[in-house]
Amino acid sequence: MGFRVPMVVASPSTRGGWINSQIFDHTSTLMFLEHFVQNKHGKKVMEENISAWRRSISGDLTSVFRPYDAKDSGLNFLDRDKFVVTIQQARDKEVPSNHRKLNPAQIADINGSLLHSQFTSHQEQGIRPSCSLPYELYAEDRLSADHTKFELSMKAGNEVHGKSAAGAPFNVYLHNTNGSVPAGGGGMLVATYAVKPGDTIDEEFSLSHFADGRYAIDVHGPNGFYRSFTGDPLMHAVQVRTTYERRGTLLTGNLQVHLRNIGERLLAVAARDTSYKTATITRTIAAGHEESIVLNLKRSHGWYDFTVKTESSEAEARFAGRVETGRPSFSDPFMGGVV
């Protein structure tokens, strides 16, 4: 859909102070009206100009609204009169002219520590209550049997959220490819996919696309969903699969990571947290065997960001996102600077 812009929902049927990171567009309000009329009056209304593709990718705004809660929302309301005065006074201000050019040292400081550099602006610290989203996303990799192709499987599940499950777009970036920029490799190829709820798309990329035979592939999805796979296909010895931990029929909010040794010798595998300061988990796995670990995400409100790597290989897989349990959560504490 291209670049997304923020949307503000102002309604007597919902209190403010919450955020929602589902993908919406201009048809979302129409789909919400369809849902509203059908549930209130029992009459099915369908806007025929909304395509099946758009219905799969765009939400119908129902995830914005929550059951009524009589508790005080505790919103930190702005001092209206104070801000009205500053807005009025801004009319007489001069056009900003105190811009300064960054020197190389300051640019290097920003590039080296984007979240903490004093030479750039930062997001306000803190987290907000966050609506539950109907996403159940997966992106898994494997190499073909002859080690000539990288195979990628992208799925938008519907087991957790049932009929409310949302489809998702996946943007895939192939880095360090053979190409015209620059000479000798270092180019990039981009592909975009849309997966409807309950469906899976399997794609394969020839390893000949990459300049030195080393694959480098990123996958981006909604609400911070991210996968990154890098390495040498000849050293690819671990397959990683993620699932959402269950207790009975309910999701716990934790992530299960399944590690399978597809090599021919014993491997030491480490799952190392990248953002949320949890302990590294290591496993020693025999050839042809699989072990599972559980990442406890309670402290990070279901958010995760970790890498999987073996001691004997430079190959690395990175996984980030949020586990959607069907229950409200909070915005990303790492992005909010409170980790």
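In this predicted model, strand E14 gives the most to the lining of the largest cavity. Its share is three residues. The strand spans residues 303-310. Other elements also give two or more residues to this lining: strand E8 (226-231), strand E9 (238-247) and strand E15 (316-322).

The largest cavity has a volume of about 160 Å³. Its lining is made of 16 residues. Those nearest the centre are Val 238, Val 308, Ala 315, Glu 316 and Ala 317. By class, the lining holds nine nonpolar residues, four polar residues and three charged residues. Empty space of this kind is found by rolling a probe the size of a water molecule over the atoms.

How many cavities of 30 Å³ or more are there? The count comes to two. The second largest has a volume of about 90 Å³. Its lining includes the aromatic-named residues Tyr 135, Phe 225, Tyr 244 and Tyr 304. Leu 137, Pro 222, Asn 223, Gly 321, Arg 322 and Glu 324 line this second cavity too. Six of its lining residues are nonpolar, two are polar and two are charged.

Charged side chains also pair up elsewhere in the model. The structure holds nine salt bridges. One of them joins Arg 55 to Glu 34, with the closest N and O atoms 2.9 Å apart. This pair links distant parts of the chain. Arg 55 sits in helix H2 (residues 52-57), and Glu 34 sits in helix H1 (residues 28-41). The two residues are 21 residues apart. Is each partner buried or exposed? Arg 55 counts as partly exposed because its relative accessibility is 26%. Glu 34 counts as buried because its relative accessibility is 9%.

Arg 142 takes part in a network of salt bridges with Glu 151 and Asp 202. Between Glu 151 and Arg 142, the closest N and O atoms are 3.0 Å apart. Glu 151 has a relative accessible area of 18%, so this residue is buried. The cut-off for buried is under 20%. Arg 142 has a relative accessible area of 29%, so this residue is partly exposed.

The side chains of Arg 142 and Asp 202 meet in a salt bridge at 4.0 Å, N to O. Arg 142 lies in strand E2 (residues 137-143), whereas Asp 202 lies in strand E6 (residues 199-206). The pair therefore ties together parts that are 60 residues apart in sequence. Asp 202 counts as exposed because its relative accessibility is 52%. The cut-off for exposed is over 50%. The network thus holds a buried residue, Glu 151, a partly exposed residue, Arg 142, and an exposed residue, Asp 202.

The surface also carries a nonpolar patch of about 460 Å². Which residues make this patch? They are Leu 115, Ile 127, Phe 330, Phe 334, Val 338 and Val 339. Val 338 is placed in the segment after strand E16 (329-330). Val 338 has a relative accessibility of 46%, so this residue counts as partly exposed. Patch residues need over 30% relative accessible area, and Val 338, at 46%, satisfies that cut-off.

Methods
Residues numbered from 1 in each chain as written. Predicted model: local features only at pLDDT ≥ 70, side-chain atom pairs only at ≥ 80, totals over all residues. Heavy atoms only, no water. Patch = residues over 30% accessible without salt bridge, like charges linked within 9 Å, V, L, I, M, F, W, Y side chains within 5 Å. Areas by Shrake-Rupley, 256 points an atom, 1.4 Å probe, with all protein chains shown as cover. Helix = DSSP H or I, 4+ residues; strand = E, 2+ residues; numbered from the N terminus. Buried < 20%, exposed > 50% of the residue type's maximum accessible area, 1.4 Å probe, protein only. 1 Å grid on protein atoms, 1.4 Å probe; cavity = no way out; pocket = protein on both sides within 12 Å on 5 of 7 lines; lining within 4 Å. Points joined across faces, edges and corners; volume = space filled by probe spheres on them. Nonpolar A, V, L, I, M, F, W, Y, C, P; charged D, E, K, R; others polar.
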